[in-house]
Amino acid sequence: MNAKLLVAGIATLALSAASAHAADNRAALELIRKECSSCHGPRGISVSPMFPNLAGQQAPYLEAQLRAFRDHSRADPHAQAYMWGMAAQLTDDTVKDIAAYFASQPPARGTAADPAEVAAGKKIYENGITAQNVPPCQSCHTPTAGGNGPFPRLAGQHRRYLEKQLEVFAANLRANEIMHANAVNLTALQISQLAAFLSSQ
Amino acid sequence: MKPTQARPAVKLGLILVALVAALAVTPSATQATPAYARQTGVSCQACHTVFPELTPFGRKFKLNAYVFTNVKQLAPVSEQAQRTLALSEIPPVAIQLQGSNTMLARALPDSGLTKELSQKNSTEFPQALSLFYTGKIADELGAFLQLTWNPSSNSVGIDNSDLRFANHASFAAEETPDLIYGLTLNNNPTSQDVWNSTPAWGYPFIVTNVGVPPVAKALLDGQLAQASAGFGAYVYLFDHLYIEASGYRSAQTSFTNATTGGPGPLDSTAPSARISSPVAPYWRVAWEQAWGSHSLEVGTYGIWAETHPPGIGESGPKNTFTDAALDGQYQFITDDHTFSLAATWIHEARKFDNITLGFSTTGTRDEILYAAGTPVLGSAKGRPDTQGAILEIDFLPWLNTKLGAQYTMYGKFNGGTRNYDGFGRRASDNNTLFLFVWTSF
């Protein structure tokens with residue numbers, strides 16, 4: 001009898017927690033539909049390459065980025081111009097809900113690029129360039145480039161956005177020690193080839 | 001004023017093509033921004049290419065009634081947990097300042113002065129000074145209100161104003177963008193529009209106060225600006241299709257200012273046309289297609305209005321205007337470059353009740369409409385045809401400050417090329433170089 005009561009008690013607790021969370025989630029969904037979608041697309045697949053695709057992105061990575069926009073630690077020019085304001089009033093719960101929403105959306109399908117460029121980019125992605133001290137990207141971003149936890153999905157991302165990020169990492173405008181080291185020795189051509197490969201996946 | 005049979009409709013076509021190519025020299029300060037930027041925390045470049053031209057996001061912001069905010073809100077809730085207020089902690093006000101220098105190719109004749117001394121160069125500082133309240137009022141309600149002091153007429157007046165309500169409706173399918181629906185209350189047909197290919201926010205974005213204005217303009221090309229009030233409803237579907245229906249009207253002719261007993265703001269002595277029908281219907285349909293860094297819009301808009309010409313009383317003759325326009329806008333926006341092209345073509349059919357108001361078709365001079373027999377501003381032929389081009393180069397040292405040089409060239413002015421006014425003035429004498437500074441903060 002007692003045990004049953006306890007179970008029922010836990011069940012109601014869980015239920016109310018779930019509905020409270022559902023209510024929060026609605027706030028995040030409304031924000032996404034009314035605001036974020038204007039640039040990032042209704043389900044996180046954007047039209048303009050100035051705005052990254054968010055669909056299918058790793059949730060921990062998205063959370064980290066939104067917090068970094070909010071506390072201004074991601075400070076490349078576009079982050080300042082567009083995302084600092086957008087993230088300014090997000091609560092930790094909303095950040096979680098937004099990240100969970102985009103992570104659960106089907107990712108963008110790749111767009112075709114010049115096969116020679118794609119092949120060259122694939123080679124760097126898989127093997128790195130020992131002579132230039134560039135590690136294989138797949139060791140962190142996974143062989144499919146789907147990402148893993150804090151390592152973002154790169155597959156299907158807009159080509160121009162990827163190039164831009166490698167440029168701002170290299171210039172230390174987007175501060176990240178790991179990616180700075182990885183990007184600083186890449187030539188413009190190699191960046192372009194990597195981006196061609198990744199955006200076509 | 002004896003009405004005769006209606007004259008055949010007179011047609012007036014207006015074509016405006018604007019080309020804006022911007023090579024963005026990335027400005028250093030990105031946070032020096034007026035009210036909307038303060039409210040959203042987003043830099044000007046999110047909403048504007050070169051202000052006031054809007055980007056796709058800027059259009060969404062306007063369609064959504066200017067409410068999107070990223071600043072702290074005063075948001076008390078009722079006992080039922082309903083928000084009873086949603087006010088930004090800082091009021092969304094901003095100041096706009098325009099200053100300019102205008103040079104006419106040939107000085108205007110001045111009866112008191114010899115030709116050499118009469119003026120062809122005027123400096124206006126400020127040319128206009130405006131106070132904006134632009135931003136959120138409540139959760140789904142926002143405003144673009146502009147109060148402008150115009151030194152050349154030394155008057156303070158309500159400039160373009162737009163009060164809006166907007167909301168969203170979601171479709172079951174998640175990948176379908178929301179439907180945006182809204183209501184707008186504004187005082188200038190097309191000022192509510194989100195594309196820059198319609199007159200109110202179209203090219204040229206700024207013009208001189210002291211140049212020589214051509215005698216004729218289509219009704220929709222600013223003739224009803226701030227002289228009418230319109231209310232309308234719109235929807236934006238699938239991020240593609242915009243449909244709007246609005247109605248405009250003017251105040252009664254007999255309207256007088258209750259306190260001073262003088263003429264009211266929309267009174268018959270007012271220089272602009274007045275709508276005499278109870279309501280002038282305005283329509284707008286546009287399709288937008290975006291791919292990659294490109295966006296393309298094609299649309300149509302128009303108005304049907306019966307008006308009293310300026311200076312004619314309520315019982316006088318009426319003009320019937322049907323303005324039907326096509327417009328298009330193309331934008332290419334990337335980090336480093338922006339290119340845009342906007343064009344509109346307004347076709348105006350006018351029907352006049354009374355023969356004294358006829359023009360070009362019969363060659364009757366119209367003292368009221370076309371001021372024949374007037375130097376500079378008149379038309380010897382009584383024709384309104386004006387053709388030319390406007391070139392403009394802008395430099396934005398900061399995103400909120402524009403330095404511009406604008407050159408207006410006339411091939412034809414008020415129906416003529418060499419001696420259009422009958423007093424020896426050539427169309428090209430009205431060519432105007434206009435240098436300006438335009439900033440808002």
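1. Let me start with A:Arg74, which counts as buried at 8% relative accessibility. Bear in mind that this is a predicted model. A:Arg74 makes a salt bridge with A:Asp76, and the closest N and O atoms of the two are 3.4 Å apart. A:Asp76 is buried as well, at a relative accessible area of 3%. So this is a charged pair with both partners under the 20% cut-off for buried.

2. Chain B has a comparable case in B:Asp162 and B:Arg164, a salt bridge whose closest N and O atoms are 2.8 Å apart. B:Asp162 is buried, at 2% relative accessibility, and B:Arg164 is buried at 0%. Worth a look on screen if you have the side chains switched on.

3. Then there is B:Asp193 with B:Arg284, a salt bridge at 2.7 Å from N to O. This pair ties together distant parts of the chain, with the two positions 91 residues apart in the numbering. B:Asp193 lies in the loop between strand 9 (179-186) and helix 4 (219-223) of chain B, while B:Arg284 belongs to strand 13 (residues 280-291) of that chain. How buried are the two ends? B:Asp193 counts as buried at 1% relative accessibility, and B:Arg284 counts as buried at 0%.

4. Still on charges: over all chains the salt bridges come to 20. In chain A, a network of them links A:Glu117, A:Arg159, A:Arg160, A:Glu163 and A:Glu167. I would colour those five residues together when going through the model.

5. On to the fold of chain A. It has nine helices and zero strands, so the pattern along the sequence reads α-α-α-α-α-α-α-α-α. Of its 201 residues, 48% count as buried.

6. Helix 4 of chain A (residues 92-103) passes a simple length check. With 12 residues at 1.5 Å a residue, the expected span is 16 Å, and the end C-alpha atoms are indeed 16 Å apart, so the two agree. Which residues of this helix are buried? They are A:Thr94, A:Val95, A:Asp97, A:Ile98, A:Ala99, A:Tyr101 and A:Phe102.

7. Chain B brings strands, and strand 14 (residues 294-308) is a good one to follow. Strand 12 (residues 274-275) of chain B runs antiparallel to strand 14 and is joined to it by two bridges, with B:Arg274 standing opposite B:His308. Strand 13 of chain B is also antiparallel to strand 14, through 10 bridges. One of the pairings there is B:Tyr282 with B:Ile303.

8. Strands 13 and 14 of chain B form a hairpin with two residues between them. In the turn, B:Gly292 has a positive phi of about 50 degrees. Strand 13 is also where B:Arg284 from point 3 sits.

9. Strand 14 of chain B pairs with strand 15 (residues 319-333) of chain B too, antiparallel and over 14 bridges. Here B:Trp304 has B:Thr322 as its bridge partner. As a reminder when checking side chains along such strands, in a regular strand they alternate between the two faces of the sheet.

10. Further along chain B, strand 17 (residues 387-398) and strand 18 (residues 401-412) run antiparallel and are joined by 10 bridges. The connection between them is a hairpin through two residues. B:Phe395 has B:Leu403 as its bridge partner in strand 18. Strand 18 is in turn joined to strand 19 (residues 432-440) of chain B by eight bridges, again antiparallel, and B:Tyr407 stands opposite B:Leu433.

11. Finally, the empty space. How many cavities of 30 Å³ or more does a search of the whole structure find? There are five, and the largest has a volume of about 110 Å³. Its lining draws on both chains: A:Arg33, A:Lys34, A:Ser37, A:Ser38 and A:Pro42 from chain A, together with B:Lys60, B:Asn64, B:His168, B:Pro177, B:Asp178, B:Ile180 and B:Asp239 from chain B.

12. Which element gives the largest share of that lining? Helix 1 (residues 2-40) of chain A does, with four residues. By class, the lining of the largest cavity holds three nonpolar, four polar and five charged residues.

Methods. Residues are numbered from 1 along each chain as its sequence is written. Chains are lettered from A and ligands numbered from 1 in the order in which they are written. This is a predicted model: local features need pLDDT of at least 70, side-chain atom pairs count only at pLDDT 80 or more; totals for chains, interfaces and linings use all residues. Side-chain values use heavy atoms; hydrogens and water are left out. On a 1 Å grid over the protein atoms alone, a cavity is a set of points where a 1.4 Å probe fits but cannot get out, and a pocket is an open set with protein on both sides within 12 Å along at least five of seven lines; lining residues have an atom within 4 Å of a point. Grid points are joined across faces, edges and corners, and a volume is the space filled by probe spheres set on the points. Ala, Val, Leu, Ile, Met, Phe, Trp, Tyr, Cys and Pro count as nonpolar, Asp, Glu, Lys and Arg as charged, and the others, Gly among them, as polar. A salt bridge is a side-chain nitrogen of Lys or Arg within 4 Å of a carboxyl oxygen of Asp or Glu. Buried means under 20% relative accessible area, exposed over 50%, partly exposed in between (1.4 Å probe, protein chains only). The expected span of a helix is 1.5 Å times one less than its number of residues. Two strands pair if DSSP finds at least two bridges between them.
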